Each structure stands twice: as structure tokens, then as C-alpha cells.
Amino acid sequence: MWIKLFTLILLSQLFLGCDGNDSTATSTTDDPNQPTNPTSTYTLAGQVAVANNTAHDTDVNDSNAPYLGNETFATAQEIPNPVMLGGYANQPNTGAAGRSKVRGDVNDFYVADLRKGQSVNLFIAHATVGVNDLDLILLNSSGKAVDASVGDSEIESLSVPSNGRFYIQVNATTGASNYVLSVGQRLGGSAQSLRLSSEFRANQAIVQLKSQPFSAQSVLNSFSSLGMTTQSTDTSRAMLFHFDPVRLQSFSVAEMTFESDELRDKYQLLMQIKQLRSRPEVEEASPNYLLKALRVPDDPQYGYQWNYPMLQLPQAWDVTMGDSNVVVAVIDTGVLLSHPDIQGKTTAGYDFISDPAVSLDGDGLDNNPNDPGDRAEVNGDSTFHGTHVTGTIAAATDNAKGVAGVGWNTRVMPLRVLGKGGAGDDYGIEQAIRFAARLSNDSGTLPAKKVDIINLSLGGPEVSSSFRKTITDAYNVGVIIVAAAGNEGVSTPMYPAALGEVISVGAVDINKQHPDYSNYGTTLKVVAPGGARTADLNGDGIPDGIMSTVGKDDKGQAVQYTYETMMGTSMASPHVAGVIALMKAVNPLLTLKQVSSLLVGNKITEDLGTRGRDDFFGYGLLNAQKAVYEASALSGGSTTETPPPQLVVNPTALNFGLTATTATLTLTNAGGGDLELLKVSENSGGFLSVAGNETNEYVVTVNRKGLNTGTYSATITFQSNANTVNIPVILQVGDPNTTGDAGHHYVLLVDATSKETVKELRVNASQGKYPFRFSDIPKGTYVIVAGTDMNNDARICDGGEACGAYLTSNDPTRLEVIGGRNDLNFSSGFNVVFTSQALSDEFVAIAPPIEGFARLSSGLREVAE
């Protein structure tokens, strides 16, 4: 997934605390063995890596890519499990010119060993109702359809019904599109779709007509000619229609066969409903679903938020879900105020960007902190960084939409200080801090009340003396300030995080390990989940980043409200700000001094790394449950009693893929009192072993010897005197030399000033890597990007295509070339973005539709294959 983060670039050279280096900071390519004569040219070399569970469609539209047909059941392409796969499908004479333009590539078939309950998701990059539409079909080993997802939106999703060998069919119903196919353990919620395995009334549909400009009676007459009847006479609301079974059974199912007549009949009904949805007079059409009394997790993507259980947030929510009187100021790029998971969760804020050329909203200071986008410098798409931070702190929760926030009832004051290209300055941020603390500021106004907490997911190597004084002033009026430590992977102090009155937050990954990007050092106070995007350790089908609210404003189109994973200390910091907001909910008088004392005393953290405080983890990983109990105890609140013991195991699932042999599970008492582990067991039948040690860590080892090729799953069970925890495990057995392959890659050297591509290499994967070498490069400033062009539109990194950049795809680093380099290594891969349709409660997911980077014309290319 192309996840665009950015950096703050004016005056103080502040950086945003998310993944990536400062977009203006240059990576100098000095080589003492090469002269710096202006007429000299240099060599730039490195390699692009992809994850082992990455695969690609072998018959895409790119004429330069190696070809192996997978259009039929008999020629199905073998794929790993779990997998993230990029592909392309099209009807004849649709899509860009290329290998399949004329003849079409209507079906792609894949075959894999799947496990019961796994999720199969198809993310359609360029879905348009009636124009570009792909369907997802699951077939058994005999080629008979056992399930299908045939909706008309950007995602199709299925659940595997049993263990076994299954075939996955991607069918281009209309038009052409890139896509991402994901197979993983079902840890997240499912999107709505027209799914064959759903339970609904046979021969019935619920239809809502549009009121204008259509005649209701003429529409009903046309429906009657299709064999549809209704008892309803009120066309202003949804109506129940019955289909003539004989007419319905005449609906063509092409060459498909089904496991049962019932499934065939259900499929025909779903396809008829799909056609109804494409009619201009129909507002909505859906099956008449059968419902049961049951509790379903409200937030569809909560299952992807592995970061919350890591902090013991569910246990904290048993004590408090926050208080709407507690307000956190998010000083950032502004917030998408109309995002459906943020509406109603903000207080009045302000825009402190004084320069209209930077603000992109047509004026200077104003009282509208809505984020119009920052249109980043290199490829022009916006980050909506402040919206992602806000969603972590306070996304609307238990509302059947998107994601959960740390504080269900917490509110956010959005203060906008970062504009075009992530630009902002010391003084503007200082004014925002003063406004939040209800101190005099350049707006000439004050909020009704000061905020309780300020989150600063930004920073840099220097701040002014007046900025430092403002931090002290805010501290003196009782505001708690939390800031990201930075993402350079260095121990150099970054500000404002390194200031004494600020809680400096570093990051950990899904394994509670220190990620390479997270800054460290003597000023680090605490760590929280920041994630990583290249791995999928829990096997849920998406990289292990932090899922939250964002937006997409591709190619000048209206903003789409989406959900996306990002990584960095920018993502870690709002976890801490959000938990402190929960602490303030049970203890409104809580101070920074008290929070600091709790951290130093290891009363609200889980100690990681070297015993006691260390420079990589500070005082440890924040524990939300302990935090709210301790905060309440300080005020003599009603939750001062010791919470009962509770066993928590992290990670909550394991994915060994094809080659991994060991993984570590960490056991924690998320409550109080005595926790006793009674029994550890696993049901693999011998291919797993689980061994504990004195630090409450259990090493899980895989032995593939004697196992046949295929996919294997098992469950590890930890039974304690308080509760039992089950950890699902999945692994593959196959060729141990198999490595990831994201498809034919184009590596581009782009002039950082003109944004024009100046050199192009074509590379195929070798042992999971794409080596590249640019020769005869003159002195200048460049960025290096790499990706696929599966739809053959002469641009890489379109929606659904693999993409990467040096150092990160978040924010490509500007390379000032004054010498040679052979260490320009980075990663590429696929990812997905979850998006909310603003006019409905349906939540879908798409591969991000970004503008991409232009390839060179054929005469200017170098070939390295």
C-alpha cells in the first residue's frame, strides 16, 4: 500500500514523528574514492526487497512482465497462504493497451491449501459501478462453487468453510482493474457484500427506489416485466419484492457449476440484485437477510487493531471508556471533520497557518481546522496525518463503523499547523500550544476551556527559546504534553519530545520489539505500538501497521474517507495521549508530575529490554489498565481495589509462512493479584513445540520434517487460574527456497526538482530481491522509486500495484548525488486502504488509487533482467 506520510520542513527543520526522513533533508552520497568534479557521473545501486508472503498474478497486462496463463481452472496458479497478491483482470477491449487489451483476461484462477475460518478478500483498485467490477468465487477441488462474493463496491470478501484445497477465481464482470487478493486469518471484521454463504430469504429482495426524476409506477411496471412483484404501495421507502422462481432460474450462470442447487439459486438471486443496483432508478437493493440474536463487534476493522490488546485497553475499558469533558489537542495537519468516525468527537479548533501558499485553504489564520490536504512534494497525494492521529485517540467507537479509538468518549481539539508538503514552523506551533492551554495567542481568541492533554506527533533537532518557554507555560497551567520521539533511528535528542515537561514516546512493533526507525536515548520516557508495514506476523492478511482514520484526495477528486495502516512514533504518541485521557476521566486533577512518578515507579508500564529504565524502551510499554487503576487510586476513586488477574498473550496469532521456524509469545498479567499458569498445550500433532522460560516468554518452534507440502494450522492454549487464551497458528510446507515475488518491477530515478523520470530499469525478482544499478548519473538531487505496472498504463504505483521508495514509500528521501552509492536498499509490496462510503454504513476496502510515477518512453530505458 502506498501510505503517504510526510515531514515538517520550515524554519526549525521539524519532522513529523511518522515513518520516513525529512523530505528536505538530503542523503549525501559522498565517496572519498570518487571526485566531486561537476562533470563527473556516478553509479547508484542497491536492491528492493519484498516479504516472503508476497505473490503476483502471472498474466497481467504489462507486456514486459513474464507470462504464465492462469485463465482456467486447469491452469490455476499455486499461491502461498497467507498471501498478499497483486493482479489485473479485464473484459475484452477494456483497459489500457497491452497484452490482454483485445482478447481480455476475464478470469484469474489461484489454488491454495486453506484453513477453516480464514478470510479471502479481493480489493478492487478501480471499482466503478457498471464500469469496472470484479467478483470473487471460491471453488472446491472439483471445480464447483461453494461461495461467492458478487457485490458492486471495492471489496469482495469470503470466509473459508473448511480445511482443504480450494480454488479462488477472480472474475472481471465488467471493465478492467488492478486488484489485491489477500488470504489471512480472520482477525478483523468483514465488509458488507453480496455473499453466497450469507443467510437470506430465497427469491426475495429489498429495494429502495429513487424519488426523482423517475415515475414510481413506470418503474414498478418495468420490474413486473422482470418477474418481480411487491405487496407494498409506498414507494417512498424500501419495499420487499418477490421474484418468480422460474424467471430467476433462467438467469445465466455462464459456465459455473455449484456444490448444490440451493447455491445456484442463491447465486442467480444475487446476480439479479447486482443488476438492480446498476439501474439508475434504484437507490439500493439487497437480499432479505436472516438475522439472529447475537452480539457482533461494532467496529468492523477493530480486529486489525492488534495494538489495543497489547496495551490492555479492553481491560481498561471495563473501568472507563473516557469522559467527553476530557479534551486532547491534536496539533498537526488539521482533521477531516466530516470523517464518519470523527464527526461529533471534536471541539472548536483553529488554523494557525499564516501563509496562504502553505495553508492550501485560500487564507491565513482562521477558525477552520479542517484538513484540505497537504499534497506532498514528491507525488502530490495528501497524508491526512492529523486525522490518523485523531482516530487513534478518539475515533467514534461501538458505532458499527471503521475503527475504535482509545477513548470512546474522549474529544479532540484540532489545531492546524502543517500545510502544503507538511510545511509548518516553530512559531505557528507555538501559537497552537498557547491556544490549547488558553494562553494569549495570535488568533486573538481563547477556547472556552483549556485542553487536558496536547499531542505533538512532530518534532526536530532544534526549537526556539520562546517555544521552550511556551511548553513551560502550558505545563504550569496543568496541560500534559505528549510528543513523538522521532523516526531517524538515532539517539540524538529531538524536540519538543526531549524537553523535560514533555512525555517522549518511542515505538514498538507487534512483537514488542524496538523497530529500527524509532529514536532512542536518555530522554525517552515510554513506548507504545508504532507498528511495521512489511511484516504480517499475525497472519491477518495485512501488514502490522497501526490502523486508523485517514482520507484520499487522488487526482483532484473529492476526499474519500478511509482507514489505513501507518507506522512510526507519530502513531505511538497518540496511544499515550489517549490513555492519559482515560486516566483523566477517573482522576480529573491528574498532573504530569503524577504521571511521571507512575512511569518512574514502573506502576503503569510493562518493563521491556534491560531491567528498569533503558534507552530503547524508556520506562517500558504503557499498560492502560494499570494506568486507569493507578490514576483512580491517586484520587481515592471507586476503582482503587485491585483488579482480578487476567492472562494476556502477545501476539494474538502467529504466521510462520513458508520459512520461519521460531516465534516468541509473551505472557502478561493484565490485572492484579496472583496469576498462575496451569497448563500449556497445542494440538498440532507434533509439528509445534512450546517452551517457556523465567521471563514469561514462550518460544514456539516449528518442525516441518515429515510434513507433506501444504498449509497447516494449530492452536496453542494457555490455561491459567483466571482465564484461558487460544493462539491460532498457521504455516506452510513447500520449497524452502521459495521467496516473495511482487511481479515485474520498474525502478525509476526521478529528478527531485522537476519530478520527471530520468532513468528506468526493468527488473525481475531473484530470491525475494530486485537488484538495480543506475550508471552515468550526473550530480543532482533525485528520488528512487520502484513498483509494478500491471495495467500497463505507463505509470507505476497505481492503485493495486506494488510500490516502494528509498528510504520509505511514505516519503521518498531526496538524494543529493555528489558521489557513488551501492547501499540504496528499500522494500516494495502491496497494501490496502479501508474506506467508508459517506452515504451508507457499508465499509469497504480498496487498493489506494494514487497518481503513481511515470515510466520512460522505450528509447530511454535501461534493461536489467
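What percentage of the 865 residues of this protein count as buried? The figure is 59%. Good morning, everyone. Please keep in mind throughout that what we are looking at is a predicted model.

Let me begin with the protein as a whole. The chain contains 12 helices and 49 strands. Its accessible surface comes to about 31,600 Å², and carbon and sulfur atoms account for 48% of that area. If we take the contacts between residues at least 6 apart in sequence, 74% of them join residues at least 24 apart.

I turn now to strand E23, which covers residues 480–484. Is this strand enclosed or open to the outside? Five of its five residues are buried, so E23 is largely enclosed by the rest of the structure. Here the cut-off matters, because a residue is called buried when its relative accessible area is under 20%. It helps to recall a general point: in a regular strand, side chains alternate between the two faces of the sheet. In E23, Ile480, Val482 and Ala484 lie on one side, while Ile481 and Ala483 lie on the other, and both faces are covered.

Which strands pair with E23? One of them is E21, residues 453–456, which pairs with E23 in the parallel sense over four bridges. Within this pairing, Ile454 stands opposite Ile481 of E23. Strand E24, residues 502–508, also pairs with E23 in the parallel sense, again over four bridges. There, Val505 of E24 is the bridge partner of Ala484.

From E21 we may move to a helix that packs against it. Helix H8 spans residues 426–436, and 10 of its 11 residues are buried. Among them are Ile429, Ile433 and Phe435, together with Asp426, Glu430 and Arg434. Against what do the buried residues of H8 pack? Their neighbours are strands E18, E19, E20, E21 and E22, and helix H9.

The two ends of H8 also deserve a look. At the N-terminal end, Asp425 acts as a cap, with a side-chain oxygen 3.3 Å from the backbone nitrogen of Tyr427. Just after the helix, Arg438 takes a positive phi of about 60°.

Further along, in the loop between H8 and E21, we find Ala448. Is Ala448 buried or exposed? With a relative accessible area of 79%, Ala448 is exposed. Ala448 is also 100 residues from Ala348 in sequence, yet the C-alpha atoms of these two residues are 9.1 Å apart in space.

A second covered helix is H7, residues 385–394, where 10 of its 10 residues are buried. Its buried residues include His385 and His388, as well as Val389 and Ile393.

Let us next consider a small group of strands. In what order do the three strands of this open sheet lie? The order is E40-E3-E45, and the pairing is mixed. Strands E40, residues 769–778, and E45, residues 826–827, stand at the edges with a single partner strand each, so one side of each is left without a neighbour in the sheet. Strand E3, residues 41–49, runs antiparallel to E40, and eight bridges join them. As an example, Tyr42 has Ile777 in E40 as its bridge partner.

My next topic is a covalent link. A disulfide is a covalent bond between the sulfur atoms of two cysteines. How many disulfides does the structure hold? It holds one. This bond joins Cys797 to Cys803, with an S to S distance of 2.1 Å. The link is right-handed, with 85° about the S-S bond. Cys797 has a relative accessibility of 1% and therefore counts as buried. Cys803 is buried too, with a relative accessible area of 5%.

Finally, I would point you to His744, located in the loop between strands E37 and E38. His744 has 5% relative accessibility, so it counts as buried. Which residue does the side chain of His744 contact? A polar contact of 2.7 Å joins it to the side chain of Asn764.

To close, three places are worth finding in the structure above. The first is strand E23, with both of its faces covered. Then there is helix H8, with 10 of its 11 residues buried. Last comes the disulfide between Cys797 and Cys803. Thank you for your attention.

Conventions: Residues numbered from 1 in each chain as written. Predicted model: local features only at pLDDT ≥ 70, side-chain atom pairs only at ≥ 80, totals over all residues. Heavy atoms only, no water. Buried < 20%, exposed > 50% of the residue type's maximum accessible area, 1.4 Å probe, protein only. Pairing = 2+ DSSP bridges. Polar contact = N/O pair within 3.5 Å; in protein donor to acceptor, adjacent residues only side chain to side chain. Contact = heavy atoms within 4.5 Å. Areas by Shrake-Rupley, 256 points an atom, 1.4 Å probe, with all protein chains shown as cover. Disulfide = S-S within 2.5 Å.
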